[in-house]
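Reader: I would like to go through the labels used for this model. Please set each one against its cut-off.

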Amino acid sequence: MTARDDILARVAAAATHRASHPGGHTPATLETGFDRFASRLRGVGGEAHGPVPAWSAGEAASRVVALRADGGSIFAAESAADLLGPGPWVVPPAELAPIAFEDVAVALMLGTVAVAENAAVALLGREAPQRAMPFLCRHLILLVPANSIVPDQHAAQAALPADAFAHHHLTWISGPSKTADIEQTLVYGAHGPLTLDVIAYGEVA
Amino acid sequence: MEVGLFIPCYVEQLSPEVGLATARLLEVAGCTVHYDPQQTCCGQPFLNMGATASGAKLARRHLQLFERYETVVCPSGSCTATVRHRYPELGVGEEPAGRALRARTFELSEFLVNQLSRSHFGSEFPHRVALLQSCHGLRDLGLGSGSEQVHGRRSSPAEELLLAVRGLTFVPTARDECCGFGGTFAVKFPEVSARMGRARLREWAEAGAEYVTGTDVSCLLHLDGLRRKEGFGPEPIHLAELLATGDVA
Amino acid sequence: MTQALELAARRTLPDEGAVTRHDGAVFDLRRRRDLAAAEVPDWEALRERAAALKTHTLDHLDTYLERFEARATEAGAVVHWAEDAADLRRIATELLRAHKVERVAKSKSMLTEECGLNAHLESQGIHVVDTDLGERIVQLQGEPPSHIIVPAIHRSRAEIGALFHERMGTPRGETDPEKLTRAARRDLRSRFLSAQAGITGVNFAVAETGSIVVCTNEGNADLGMSIPRLHVACMGLEKLVPRMEDLPVFLRLLARSATGQPITAYTSVVTGPREGAELHIIVVDNGRSALLADPGHRSALGCIRCGACLNTCPVYRRAGGHAYEGPIPGPIGAVLAPALHPAGAALPHASSLCGSCTAVCPVRIDLHDQLLAWRRELPRPRGEALLGWLAALVLRSPSLYRLAGRLGRLSWPILGVRFPGNPAASWLRGRKLPRHPGASFASRWARRGQGTGP
């Protein structure tokens, strides 16, 4: 027998098959909406902007880019560039090796769902074909539809599109990269982005 | 009410005053107090050490001795918790009579406040006093809530009793953790135990407490030993002794 | 016999200053957890749901493991099975060798600590860089982590500054956490970019989709998963949750319990490899199936490694993580030790049984009851058993009990001084003997007159 069969046989012998699945959790009603999301995001070291009409998302993004740009490339993922229109950003070539993102100052990408209780924004694999970009850039800007803000993580999970797990990864991003490993002192930008901006655009739900 | 006095071994041998103060309080509260000198130890140290066989023998002996009382009251949260909640781990006290006796065994402060609905005794103690909520009373008996319990907090009968004492200034502290006694833990891990106790003494001292009171003699003896060695910290006094003052004296 | 943890605690936190600093830093996490938990009105219901989900999953673990394997494979991952630590080390080494890997970027994984993966890979000529800042600090220091969430919490900024000066060339005397973190970021960035494989742990594995979930605050695991073309994920077989819908229950509890954050900065759900890359998932048993077969102790397999029980534990905070001398310190470490690491069989005694761990555990593991259960089951040292038997004999006889008390009070002046063989020696370390009680309660009661009314 292989290790797999041995292990599974032992687990099967030990599993009692008693307790049934407790079902879904119904969360308490929590505050939601852009303001709640924005204050949560401030709490985790990020900054929220908007909500702005979809037609002016490009203008809003340009303003935030100007705040953050500190030398180096400004890249927008293709779907983000489609929303934003022309600006100081370029769409990186698809075949770029991860190492090419080393000197990205600002990256702009589309988020899908935003969570008011924890300031997380879902970044789907399909919006991030360049997997390394949001983690190597110095400043990350995520654009989320204002009507995609939900109160809690349960609702966020339910609001994900059907193909959310079809593209290798989905990352919930809540604020910039951080560490408190030296005497519990909070420092932003341990490895990834030093700053995170979220721009909410379009109609509010 | 007829009350059987449950005197823990360390009260019997090391702090007789606490037992006397307990009896005095119960009498002031209108109870008739009985003490059976045949009692020894409820078995807690053996349960704590994992010595099930010895613990079970003492537990069965304890239940037999106290069966005849309408109510049993004990000036110790941890001994009460042992009888009420832990005997089944020794395989003892699960029969109807055992269950009933365990359910009518009370720690002193909960008996006075929750059973007799009485917190004013006319006690007088004009000092700054901190409260040590011993762990087993706190979490096993629910005599208050640990600070980690952020939802559904319970009130503390000991605190309620203290707030009714004339002249007493209650000294609250941010921390409420274990003092480091922990039964055999105190002698198996003496330095770690002492570090825990010294931290509590420091916090109370910094808050200006002159006394620290509590429901468990064992924790207070540990703190007193530390305090006299270190030369700082509030003086420990059992809640029963603190309450047996003023009109109760 | 003095316990190992007691001796180690005197070494690892050698003076009251070190104890107080460690205690304060760790308790700060507990305080943040309290604030975060207070903000969630359904906190207790969430804990209950998480516990029920874990119980259900463990009860049906065979079904969920097979489902996970099938779905992960469909998604393009390769699933490996490791019987024990040696098996994990062998599989990982073979994978890395087959890909001609010389440099690995590794993110935090308590499982690989448990299995001694780093040291083994180094001995095989594969260079491993720990990329979590705290892990990096202890790696450079040449010591194990002392906490499962904040591995270098036992080190002061001065110590870390000196270490970075020596190993990374930061200016002498630089102790500013922000500057030190920036130096580590620069140093590790180049190592990420040249790594040929990323090794990560797994926080959760979703049976329904074959996904693994990796949570970090630094984003280091994501870099390890997105730069090299090989990702090796190591998971204990207990990490499963049945459905994607169950995941939010745990995500809402994990970071709040750990550090008081509402969620970790990065929570990545990875389903299959990214284009042009490989994903290998190593499922490790290493004693877990045996623990599953033990109904009295299997609840410990529900642990999600949040560290809340460490942070609240007054013993952990005063002893330091290294004093536990195993991969996982604190209450959960002491509960797992007898099952997973025979050397840790004495750890269940290293607790005052205050119960705060049980009260904070987000999946409601009965931690302090588990410690007590182990004390009942593990063999007791001969001397202690003999003393206990003798004490129980005395306590079953009221006359012997009274006699023992009288002898004790008579020998009070002797017991208070230090001499070899003093039975009170342990008590006297740090403490004085209680004041002489005068007489027993029984004799005082007899003098008082019986049944006096008010």
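Author: The turns below take up the chain contacts, the helix pairs, the sheet and some backbone angles. The model is predicted.

Reader: Which two chains share the most contacts?

Author: Chains A and C have the most contacts among the two pairs of chains that touch. That contact takes 59 residues from chain A and 71 residues from chain C. On the side of chain A, the elements that give two or more residues are α1 (3–14), α6 (153–159), β8 (169–173) and β9 (178–179). The largest share, 10 residues, comes from α1(A).

Reader: How do the residues on that side of chain A divide by class?

Author: The side of chain A that touches chain C has 26 nonpolar, 22 polar and 11 charged residues.

Reader: What about the contact of chain C with chain B?

Author: That contact takes 60 residues from chain C and 62 residues from chain B. By class, the chain C side has 29 nonpolar, 16 polar and 15 charged residues.

Reader: How do you know that no contact joins chain A and chain B?

Author: A contact needs two C-beta atoms within 7 Å. No contact joins chain A and chain B. Their closest C-alpha atoms lie 14 Å apart.

Reader: What makes β8(A) and β9 of chain C a strand pair?

Author: Pairing asks for at least two bridges between the strands. Five bridges join β8(A) to β9(C), residues 266–270. Therefore the two count as paired. They run antiparallel. In this pair, A:H169 has C:V270 as its bridge partner.

Reader: Why is α11(B) called oblique to α1(C)?

Author: The axes of α11(B), residues 190–206, and α1(C), residues 4–12, cross at roughly 60°. Angles under 35 degrees count as roughly parallel, and 65 to 115 as roughly perpendicular. The value of roughly 60° fits neither range, so α11(B) is oblique to α1(C). The two axes come within 8 Å.

Reader: Which residues meet there?

Author: B:P190, B:E191 and B:V192 in α11(B) meet C:E6, C:A9 and C:R10 in α1(C). By class, this contact has three nonpolar, no polar and three charged residues.

Reader: Where do α1(A) and α4(C) meet, and at what angle do their axes cross?

Author: A:L8, A:V11 and A:A12 in α1(A) meet C:L61, C:D62, C:L65 and C:E66 in α4(C). The axes cross at roughly 145° and come within 8 Å. Here α4(C) spans residues 61–74. By class, the contact has five nonpolar, no polar and two charged residues.

Reader: What is the strand order of the open sheet in chain A?

Author: The order of its five strands is β1-β11-β6-β3-β2, with parallel pairing.

Reader: What makes β1 and β2 of chain A edge strands?

Author: Each of them pairs on one side only. For β1(A), the pairing with β11(A), residues 195–201, is parallel and runs over four bridges. Pairing asks for at least two. One bridge joins A:H49 to A:I199 in β11(A). Neighbouring strands of the sheet are turned by 15° against each other on average, direction ignored.

Reader: Which helices lie across this sheet's strands?

Author: Among them are α2(A) and α3(A). The helix α2(A) lies across β1 and β11 of chain A, at about 160° to β1(A). The helix α3(A), residues 57–68, lies across β1, β2, β3, β6 and β11 of chain A. Its angle to β11(A) is about 165°.

Reader: What makes the bond between A:G50 and A:P51 worth a note?

Author: It is a cis peptide bond, with omega about -5°. A:P51 is found in β1(A), residues 47–52. Most residues other than glycine have a negative phi, and most peptide bonds are trans.

Reader: Which phi values are positive at A:H17 and A:H168?

Author: Phi is near 55° at A:H17 and near 65° at A:H168. A:H17 is found in the loop between α1 and α2 of chain A. A:H168 is found in the loop between α6 and β8 of chain A.

Reader: Why is A:H17 called exposed?

Author: A:H17 has 12 other C-beta atoms within 10 Å. Exposed means 12 or fewer. Therefore A:H17 is exposed.

Reader: And why does A:H168 count as buried?

Author: A:H168 has 26 C-beta neighbours inside 10 Å. Buried means 20 or more, so A:H168 counts as buried.

Definitions and conventions: Residues are numbered from 1 along each chain as its sequence is written. Chains are lettered from A and ligands numbered from 1 in the order in which they are written. This is a predicted model: local features need pLDDT of at least 70, side-chain atom pairs count only at pLDDT 80 or more; totals for chains, interfaces and linings use all residues. Ala, Val, Leu, Ile, Met, Phe, Trp, Tyr, Cys and Pro count as nonpolar, Asp, Glu, Lys and Arg as charged, and the others, Gly among them, as polar. Axes are lines fitted to C-alpha atoms, for helices over the stretch in contact, and angles run from 0 to 180 degrees between N-to-C directions. Angles under 35 degrees count as roughly parallel, over 145 as roughly antiparallel, 65 to 115 as roughly perpendicular and the rest as oblique.
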